[in-house]
Amino acid sequence: MTSCHRGAKGLSRAERVAIFGGSHGNEMSGVTLVKLWLENGVEIRRRGVEVTPFIANPRAVETCTRYIDSDLNRAFTTENLRAPHCEDLPYEVRRAQEINQIFGPKGSQDAYDVIFDLHNTTSNMGGTVILESTQDDFNLQMVHYIQSAIAPASCSVLVNDHPVLKYATTRSVAKHALGLEVGPQPQGVVRGDILEIMRKILKHALDFIELFNGGMEFPPCTVDVYRVSERVDYPRDECGNISGLVHPDLQDRDWEPLNPGEPIFQMFDGRTMLYEGDSTVYPTFINEAAYYEKRQAFVTTRKDQLESSKELLHQTSINRRL
Ligand SMILES: CC(=O)N[C@@H](CC(=O)O)C(=O)O
Ligand SMILES: [Zn+2]
């Protein structure tokens with residue numbers, strides 16, 4: 001027994017878990033589910049875990065917009081979290097500080113163990129889990145568990161640990177940060193099929209935490225992931241105005257291979273713009289409504305495999321077995 005567990009990760013139990021909806025107020029699956037669970041939380045109850053549903057940006061939910069002053073899911077920088085209180089701070093910066101107080105502080109031992117942040121996209125991404133690190137064995141084991149449990153349906157894993165394209169998310173307050181992104185769903189609309197995919201992924205995620213806390217050991221695993229590679233903006237004229245649209249051949253083809261020389265934009269003047277990269281990539285967030293303001297038509301990703309370093313078992317269980 002001893003040799004078997006010597007290398008196991010000394011993680012503690014994931015006792016405090018939060019589910020955020022409405023980080024963006026017009027992404028309705030998460031808003032709807034969290035409101036439901038605030039009324040009646042039976043569905044998200046699990047043994048040995050405290051699960052807290054939470055509306056992250058209530059003012060944006062009220063107005064059914066992405067945000068009021070600035071994007072909450074970009075606001076969790078050290079600079080913002082330390083900014084002195086004053087009246088003219090953007091609403092989302094003040095809200096980020098509140099969230100950091102309740103669920104953080106970010107980067108500290110007092111922070112929540114897990115935050116699931118529920119998002120919808122207008123892109124045809126299906127069910128996707130977004131990770132921010134390649135090094136988090138707990139999260140890796142969790143997505144591995146979700147993928148097995150949800151089969152034959154699929155759950156893609158997008159890893160954004162890009163040095164430039166990574167941003168300071170709401171979920172980053174927790175020790176283990178997970179984004180759940182499901183689409184296609186228009187902004188302000190709730191689609192039953194999309195909501196059910198989100199609900200199912202989260203169910204399996206919570207089941208995993210219950211098993212982990214209960215002492216189950218998870219053998220080392222390998223997970224296929226897509227890693228964020230580059231951001232591609234819309235084509236623009238000299239004045240900066242968009243001069244073409246996502247090519248019909250690319251539209252809705254999230255996660256499908258895009259090869260050099262294949263069409264990406266249909267220009268308003270009739271020309272076709274081709275992908276000029278030097279190898280095959282896997283585009284995603286294709287034509288996401290919220291990304292027009294961020295000057296992003298899609299992101300390219302590359303396939304990768306992540307391996308958990310050791311078997312996963314929580315610390316109390318390791319001690320008990322040694
Ligand atoms: C469409 C959308 O809001 N997507 C999320 C992705 C994420 O949570 O990382 C965002 O840009 O904040
Ligand atoms: Zn969102």
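Which residues does the UniProt annotation "binding site" cover? The unreviewed entry lists Arg-66, Glu-181 and Tyr-291; UniProt positions follow the numbering used here, feature names are shortened, and annotations may be inferred rather than shown by experiment.

A word on the model first. It is predicted, so local features need pLDDT of at least 70 and side-chain atom pairs count only at pLDDT 80 or more, while totals for chains, interfaces and linings use all residues. Residues are numbered from 1 along each chain as its sequence is written, and chains are lettered from A and ligands numbered from 1 in the order in which they are written.

Here are two of the annotated residues side by side. Strands are DSSP runs of E with at least two residues, numbered from the N terminus. A residue is buried if 20 or more other C-beta atoms, placed from the backbone, lie within 10 Å of its own.

| Residue | Location | Other C-beta atoms within 10 Å |
|---|---|---|
| Glu-181 | strand β6 (residues 176–183) | 25, buried |
| Tyr-291 | loop between β11 (282–284) and β12 (298–307) | 20, buried |

Contacts (C-beta atoms, placed from the backbone, within 7 Å) fill in the surroundings. Not counting residues up to four places away in sequence, Glu-181 touches His-119, Thr-121, Met-125, Thr-128 and Ile-130. With the neighbours within four places left aside, Tyr-291 is in contact with Phe-285 and Gln-296.

On a wider view, the protein is divided into domain 1 (9–225 + 307–316) and domain 2 (232–299), with bounds from an automatic or database domain assignment. Their C-alpha centres lie 28 Å apart, and 9 residues of domain 1 are in contact with 10 residues of domain 2.

Terms used: Helices (H or I, at least four residues) and strands (E, at least two) are DSSP runs, numbered from the N terminus. A residue is buried if 20 or more other C-beta atoms lie within 10 Å of its own, exposed if 12 or fewer, and partly exposed in between; C-beta atoms are placed from the backbone. Two residues are in contact if their C-beta atoms, placed from the backbone, lie within 7 Å.
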